[in-house]
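Welcome! Open the structure in your viewer, and let's take a short walk through it together.

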Amino acid sequence: MKHYSSIHDIENINSWIEEAKTIKANPLKHAHLGKHKTIGLLFFNSSLRTRLSTQKAALNLGMNPIVMNVSGDAWGIEFENGTIMNGNTAEHIKEAAAVVSQYCDIIAVRAFPTLTDKVKDESEYVMNSFMQYASVPIVNMESATGHPLQGLTDAITISENTKKIKPKVVLSWAPHVKALPHAVANSFVQAMQKMDVEFVITNPEGYNLNPQITGNTPIISNQNDAFKNADFVYAKNWSSYQEYGQILNTDPNWMITKTKLGNAKFMHCLPVRRNLVVEDAVLDSKNALVIEQANNRTYAAQLVLKKILEKL
Ligand code: CP
């Protein structure tokens, strides 16, 4: 594996999950693999978990992480080819990616979608430009359409928390006040499609995710029906895909409550807005796996970096 850009880069999710568990049991076992190697973490958008867990993962492998808030601290980057750069951008991605490649052995990038231009977002122009113009491997730390480090983390967390051969997993849309990307939901869907789980999605009308991603996964419009016999409920808000980037529904009845959850485990990628997406009684209960999920971000990132380092 050269780049880690999507869940599709995982050849065998079960063996990756088992390897991640081994890393978690002994995180410093490969502390020399990344010696004298540098990873550059480039953030076009905010982060808490991804920023810290990916640095932690790199440090566990003996790497030197360097971090930059690109949007705030770097020159404005131009991604269009052939454009006359007489606007706000000062440096082309061709130079920027080539330059950063000289300082780093791996580059990790976070760049959210516009949520206004579906074609541009789906072209994944930021991630693809880095993969085209950098000379080193690229890791996706959440792009316009995917968050594969989160999806891998979620697969690990589900595996750790079930004894069932085929647990029932539900991805539920939940209300939010802001228009949010589809990336986390997309990667979760792709990860669950690779696992041996009974997987359903529940969302209100107008909120079906990209059908090319959901494929044959059942989409149930009645949340209570979807939650029946669930072992895991993964909550996430996303804006409409059809009415691209729009908020069509803020119905508080879609919030995850303790009554709805029953005995199921609750998952969310965080950050989460309490009593909007999910009520306190769920997050403060033993059924909430959110802190464990965030912990697993380190081991998912460490597994990905280890696999890339082994190929350098
Ligand atoms: N879940 C996640 O990616 O968190 P951050 O946005 O804080 O990195």
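A polar contact here is a pair of N or O atoms within 3.5 Å. Keep that cut-off in mind for the first stops, and remember that this is a predicted model.

**Stop 1: the ligand and its surroundings.** Select the ligand first; it sits in the largest pocket. Now show the residues around it: Ser47, Leu48, Arg49, Thr50, Arg110, His147, Gln150, Cys269, Leu270 and Arg297. If you colour this shell by character, you will find three nonpolar, four polar and three charged residues.

**Stop 2: polar contacts.** Select leucine 48 and display its backbone: an N or O atom there lies 2.7 Å from an oxygen atom of the ligand. Next, pick threonine 50, where a polar atom of the side chain is 2.7 Å from a ligand oxygen. Then move to arginine 297, whose side chain places an N or O atom 3.1 Å from an oxygen atom of the ligand. How much of the ligand's accessible area does the protein cover? On its own the ligand has 260 Å² of accessible area, and the protein covers 93% of that.

**Stop 3: aromatic rings.** Zoom out to the whole structure, where a search finds nine aromatic pairs. One of them to select is tryptophan 173 with tyrosine 207: this pair is tilted, with 4.6 Å from centre to centre and 45° between the planes. Which parts of the chain does the pair link? Tryptophan 173 belongs to strand β7 (residues 168-173), while tyrosine 207 is in the loop between β8 (198-202) and α9 (211-214). The two residues are 34 residues apart, so colour them brightly to follow this link between distant parts of the chain.

Definitions and conventions: Residues are numbered from 1 along each chain as its sequence is written. This is a predicted model: local features need pLDDT of at least 70, side-chain atom pairs count only at pLDDT 80 or more; totals for chains, interfaces and linings use all residues. Side-chain values use heavy atoms; hydrogens and water are left out. A residue is near a molecule or strand if one of its heavy atoms lies within 4 Å of it. A polar contact is a pair of N or O atoms within 3.5 Å; within protein, one must be able to donate a hydrogen and the other to accept it, and residues adjacent in sequence count only if both atoms are side-chain atoms. Accessible areas come from the Shrake-Rupley method with a 1.4 Å probe; for residues, only the protein chains shown count as cover. On a 1 Å grid over the protein atoms alone, a cavity is a set of points where a 1.4 Å probe fits but cannot get out, and a pocket is an open set with protein on both sides within 12 Å along at least five of seven lines; lining residues have an atom within 4 Å of a point. A molecule sits in a cavity or pocket if more than half of its atoms lie within 2 Å of its grid points. Ala, Val, Leu, Ile, Met, Phe, Trp, Tyr, Cys and Pro count as nonpolar, Asp, Glu, Lys and Arg as charged, and the others, Gly among them, as polar. Rings of Phe, Tyr and Trp (its six-membered ring) pair if their centres lie within 6.5 Å; planes under 30 degrees apart count as stacked, over 60 as edge-to-face and the rest as tilted. Helices (H or I, at least four residues) and strands (E, at least two) are DSSP runs, numbered from the N terminus.
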